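Visitor: Hi! I'd like to go through a structure with you, starting with its empty spaces and then moving on to the sheets and cores. Shall we have a look?

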Amino acid sequence: RVCGAYLGADGNCFWVMPRFIKRSGTSSSTVSPKGEPNGYTRLLRGGGDEARTTSNGSRSEEAEVQAVQNWLCSCRESDALEALRALGGQRPHLVRTVTVELASEKARQQQQVSQKKKKPVVALPTEERGAGEQTPMIQFAAPLFIGTEDDGEVEVQLVRLGAVGRTSVVHFTTRDSTAKAGREYVATQGSVVFNPGDCTASLSVPVISLPGWNPTNDFTVELLEENSENAAIGRYLMKTRVKVVNNDCFPTQTHEEHISKAIHQSPPNMEGHLTPFWAMMIEYCKWNFDDSTVRTRTIRKMLYGMVHNADFLISLYLNVYLIDYILNPDRDEESLVITKDRFVNLVCISGLKLFFMLLMHACDWMYANQGVAGPSQVLLHAALVERYLNYDESTRKEIHPAEISMGMMSDIPVLVGGYTNIIDGVEVAGRLIAMLCYQFTAPFIF
């Protein structure tokens, strides 16, 4: 079907040209096969059953062509190839030609099927673009762009390849990755316009500067195929990563000068006596408090501590009243506070102690699922790993893997333990205040 020759019933070779067929060895006799596509060649091969003969018993050229075409309507490509192979000894070039053209025809059909499955790209018609002008391809200039949060925005470059004589428009959108919209950057959607003659263009995404130290995060910018004008989206660079670098010191920038001096004097680690310890600890507590999860659980932990301290103070008053008034037979019932009956007072005090015991049990149960150490450790673990992964290869080689392991398994738990100890210290300080309050108020109440 796809070769440029066929064999007649008499063994002569016919070559099928675009729209025309002529007998090999002749130049004047030509015929036009019906139904032959314009500019497309076919291999025609036929038998003699359907061929018409002339009055003298010889086949006419037109009859041979018609018989060949009728036979081709019902034959398969493999049959045509087998017939040519049978004559390979006499005409081996036909076998080579038909094999090559069958392979090219199969590839062309597969390409047409794949093009039908693709989404149509909006482009200008050929007659409007001009003869030979193709739709330009637009993509990002690089797979990764880097910016700092202090810049306020990150600029992303796009390039246009191909014809640049007309205006092209593409649309884009941002998508979250480790950076979250509204926290590290501002979610942005829009369009980029390439004016006639422009090969490059840019778009900007605002980034948010966070207080204190944060890991290096990234988000994605993606080109959209919908509603593009005179543009084909690049297949391999239709998405790009934008990395936002945080250059702040840990935990905050308050003591940047001391931290830089300590690192310079004793690299790669800094000595503790070179930095203000308690001031750094306060800044670390502030850094923890900036995280919403750690802040919420810290406040709840402090509230639970206050409830325990209140229970401790009330228990002191109830125990003194129970022992010195209700259970003391030397006390007159007229001095009882609740009622003048000892039994009723005893029942009321027992009910109050049972109520506060159940309240403390509920607080302890809720605090068991609201620990502070877990979220704080996860925050530091994620920050350390993300910062390490964003180093280049040469910097990673300078850091021994054992240092990362020790930091994850030993240093971070100790650091977080200091933060939780401060919260526990606040609770102990509250209990001490409750005891002092009892000592000063008990003589006046009892």
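Visitor: How much space lies in the second largest pocket?

Guide: About 420 Å³ lies in that pocket. Keep in mind that this is a predicted model.

Visitor: Which residues are closest to the centre of the second largest pocket?

Guide: They are R183, N214, P215, D291 and L379, out of the 20 residues that line this pocket.

Visitor: And where does the largest share of that lining come from?

Guide: From helix 9, with 6 residues. Helix 9 covers 373-389, and helix 6 (277-290) also supplies at least two residues of the lining.

Visitor: What about closed spaces, how many cavities of 30 Å³ or more does the structure hold?

Guide: There are 3 of them. The largest cavity has a volume of about 70 Å³.

Visitor: Which residues line the largest cavity?

Guide: The lining is made of E149, E184, I208, L210, N214, P215, N217, V244, V245 and N246. You met N214 and P215 a moment ago, among the residues closest to the centre of the second largest pocket.

Visitor: Let's switch to strands. What is the order in the open sheet of 5 strands?

Guide: The order is 7-14-12-9-10, and the pairing is mixed. Strand 7 (144-148) and strand 10 each have a single partner strand, so they stand at the edges, and one side of each has no neighbour in the sheet. On average, neighbouring strands here are turned by 30 degrees against each other, with direction ignored.

Visitor: How many bridges join strand 9 to strand 10?

Guide: There are 6 bridges, and the two strands run antiparallel. If you want a spot to click on, T173 has Q189 in strand 10 as its bridge partner.

Visitor: What is the order in the open sheet of 4 strands?

Guide: That one goes 11-8-6-13, again with mixed pairing. Its edges are strand 11 and strand 13 (232-233); each has a single partner strand, so one side of each is left without a neighbour.

Visitor: Which pairs in it are parallel or antiparallel?

Guide: Strand 6 and strand 13 run parallel, joined by 2 bridges. Strand 6 pairs with strand 8 in the antiparallel sense over 4 bridges, and strand 8 pairs with strand 11 in the antiparallel sense over 7 bridges.

Visitor: Where does M137 fit in?

Guide: M137 has A232 in strand 13 as a bridge partner, and M137 also stands opposite L161 in strand 8.

Visitor: Now the packing: how many residues has the largest nonpolar core?

Guide: It has 23 residues, and those with the most contacts inside it are L158, V170, V192, L203, F219 and V221. Several strands each supply at least two residues of this core, including strand 6 (137-140), strand 8 (153-161), strand 9 (168-175), strand 10 (189-194), strand 11 (200-206), strand 12 (217-229) and strand 14 (239-245).

Visitor: Take L203, then. Leaving aside neighbours within four places in sequence, what is L203 in contact with?

Guide: With F140, V154, E155, V156, L158, F172, V192 and V221. V156 is a nice one to look at, as V156 stands opposite L203 in strand 11.

Visitor: Last one: which residues does the second core include?

Guide: That core is separate and has 13 residues, including M281, Y284, V372 and A383. Going back to the pocket for a moment, helix 6 (277-290) and helix 9 (373-389) each contribute at least two residues to its lining.

Key:
Residues are numbered from 1 along each chain as its sequence is written. This is a predicted model: local features need pLDDT of at least 70, side-chain atom pairs count only at pLDDT 80 or more; totals for chains, interfaces and linings use all residues. Side-chain values use heavy atoms; hydrogens and water are left out. A nonpolar core is a set of buried Ala, Val, Leu, Ile, Met, Phe, Trp, Tyr and Cys residues joined through side-chain atoms within 4.5 Å. Buried means under 20% relative accessible area, exposed over 50%, partly exposed in between (1.4 Å probe, protein chains only). Contact means heavy atoms within 4.5 Å. Two strands pair if DSSP finds at least two bridges between them. Axes are lines fitted to C-alpha atoms, for helices over the stretch in contact, and angles run from 0 to 180 degrees between N-to-C directions. On a 1 Å grid over the protein atoms alone, a cavity is a set of points where a 1.4 Å probe fits but cannot get out, and a pocket is an open set with protein on both sides within 12 Å along at least five of seven lines; lining residues have an atom within 4 Å of a point. Grid points are joined across faces, edges and corners, and a volume is the space filled by probe spheres set on the points.
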